[in-house]
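Here are my notes on this one, jotted down as I went through it. Have the structure open while you read.

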Amino acid sequence: MAGRSTWQDIESRVHSPSHGLLAVLGALFCGVGVVTYFVVARQLPVGEFSGLLALLAIGAFAVVGGSLLAWSIRAFLAPARVRHADASCFPKIPQEPVAFEGAIVHHRVTHELVADARQWNFVPSERNWRQDKHFLIGFGGGFLLLCAGTWSWIFHSRLQVGGWPVSILAATLITVMVGGTAFFVIGLLMRSGYQRLSRLTIPIGGGDLELNAPIPPQQDDTELLAGLQWVFLGKSDRRQLKIPRSLVQGVQICPWKVVVVGTNERTVTWAVQGLLVLATPEEDNVLRLPLLLTGDFAGGARLMRRLAEVLEVPYLFHADAAGWRQEADRAKRRQPLRTGGMMG
């Protein structure tokens with residue numbers, strides 16, 4: 001493993017390829033809202049419900065556009081920066097992402113790095129999961145109450161199926177069976193997404209690392225995994241890998257233009273992929289294990305920097321403007337994925 005004195009840290013700007021697009025969209029939304037207000041608002045029926053709805057829609061356009069524009073301006077004037085190893089550190093390591101089928105891009109940073117008395121833990125963020133649960137319960141509860149109330153009014157006033165107790169009971173049953181089932185399934189999918197995230201354990205003071213992750217994209221039918229052994233965890237598609245500390249060469253982050261082409265659709269998502277770089281018996285080769293895939297470029301870059309500091313290895317950063325230009329060129333030649341997607 002490279003010693004701390006064998007590389008020099010420099011600072012680079014974390015680039016976002018979507019800043020320009022967000023700025024244009026923000027200006028467009030804000031302009032539509034403002035122009036529509038001054039041109040149309042005076043002709044709206046004052047005091048009527050339709051006029052109120054129109055004003056709310058106009059205001060929403062202005063607020064959303066103003067928020068996007070303000071965020072883009074702030075990011076341009078005060079861009080995120082991160083310190084990393086200079087280009088002379090492991091120059092032969094590939095700078096492109098490890099592409100694999102079924103890749104899920106999360107819009108937030110999915111992991112956190114926390115320590116206890118014995119070890120550091122690179123684990124899925126409990127705060128994100130709590131926020132998602134609270135949002136699902138709050139939004140779902142309000143939505144279900146609104147649906148139950150609407151159906152109760154329809155049953156009582158329009159269909160005249162009986163008195164209010166009968167109408168409320170029928171509406172509640174329909175809402176629970178349809179809406180409740182839908183939100184329950186959504187919750188299970190969200191939970192499943194969190195459970196599939198990687199987990200890395202780093203003993204304090206030395207010792208082997210332990211990686212718990214889905215089946216890796218680089219299978220062990222090559223010479224790269226000589227000396228390492230994946231252990232299947234029960235009947236799941238997860239594996240566990242013990243990694244000797246001496247094999248850890250660095251922590252890397254690469255830009256990835258994720259292109260997924262399905263039967264009738266094509267999606268393009270920008271993301272950064274965090275990887276753990278391991279030495280292999282082949283002198284000119286390395287094994288790179290994906291740990292993180294997020295659309296939060298600055299948050300992902302900072303988290304992987306912290307992981308490199310904990311491991312005391314070089315941080316290989318390729319998500320600057322030049323790295324994104326190279327990735328855009330690579331994406332034109334790369335075979336698109338057949339499966340994958342995005343998650344909030």
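1. Let's start with a pair in helix H5. Arg305 makes a salt bridge with Glu309, and the closest N and O atoms are 3.0 Å apart. The two sit four residues apart in helix H5, so about one helical turn separates them. Keep in mind throughout that this is a predicted model.

2. How exposed are the two partners? Arg305 counts as buried because its relative accessibility is 16%, and the cut-off for buried is under 20%. Glu309 has a relative accessible area of 47%, which means it is partly exposed.

3. Arg305 has another partner. Its side chain also meets that of Asp9 in a salt bridge, at 3.1 Å from N to O. This pair links distant parts of the chain: Asp9 is in strand E1 (residues 9-13) and Arg305 in helix H5, 296 residues apart. Asp9 is buried, as is Arg305. Put these contacts together and you get a salt-bridge network linking Asp9, Arg305 and Glu309.

4. How many salt bridges does the structure hold? There are six. Another one worth a look joins Glu101 and Arg338, with the closest N and O atoms 3.8 Å apart. Glu101 lies in the loop between strand E2 (81-85) and strand E3 (103-106), and Arg338 in the loop between helix H6 (321-333) and strand E14 (340-343), so this pair ties together parts 237 residues apart in sequence. On the accessibility side, Glu101 is partly exposed at 35% relative accessibility, whereas Arg338 is exposed, with a relative accessible area of 65%.

5. Now the nonpolar core. The largest one has 37 residues, and Leu276 and Leu307 are the members that touch the most others. Which elements each supply at least two residues of this core? On the strand side, they are E6 (199-203), E7 (209-214), E9 (238-243), E10 (248-261), E11 (266-279), E12 (286-294) and E13 (315-317), and helix H5 (297-311) is on the list too. H5 gives the largest share of the core, nine residues. That is the helix that also holds Arg305 and Glu309 from point 1.

6. Strand E9 deserves a second glance for a charged residue. Arg239 is found in strand E9, and it counts as buried because its relative accessibility is 7%. If you want a landmark, try Ser198: it is 41 residues from Arg239 along the chain, and the C-alpha atoms of the two are separated by 9.9 Å.

7. On to the surface, beginning with charge. Arg127, Arg130, Lys133 and Arg191 form a positive surface patch. Where does the largest share of the positive patch come from? Helix H3 (residues 126-158) supplies three of its residues. Lys133 is in helix H3, and at 35% relative accessibility this lysine counts as partly exposed.

8. There is a nonpolar surface patch as well. Leu169, Leu173, Met177 and Val178 make it, and it covers about 430 Å². Val178 lies in helix H4 (residues 164-195). With 57% relative accessibility, Val178 counts as exposed, because the cut-off for exposed is over 50%.

9. If you only have time for a couple of stops, I'd pick these. Go to helix H5 for the network of Asp9, Arg305 and Glu309, and then to Leu276 and Leu307 in the largest nonpolar core.

Technical notes. Residues numbered from 1 in each chain as written. Predicted model: local features only at pLDDT ≥ 70, side-chain atom pairs only at ≥ 80, totals over all residues. Heavy atoms only, no water. Patch = residues over 30% accessible without salt bridge, like charges linked within 9 Å, V, L, I, M, F, W, Y side chains within 5 Å. Areas by Shrake-Rupley, 256 points an atom, 1.4 Å probe, with all protein chains shown as cover. Salt bridge = Lys/Arg side-chain N within 4 Å of Asp/Glu carboxyl O. Lys, Arg positive; Asp, Glu negative; His and termini not counted. Charge placed at Lys NZ, Arg CZ, Asp CG, Glu CD. Buried < 20%, exposed > 50% of the residue type's maximum accessible area, 1.4 Å probe, protein only. Core = buried A, V, L, I, M, F, W, Y, C linked by side-chain atoms within 4.5 Å.
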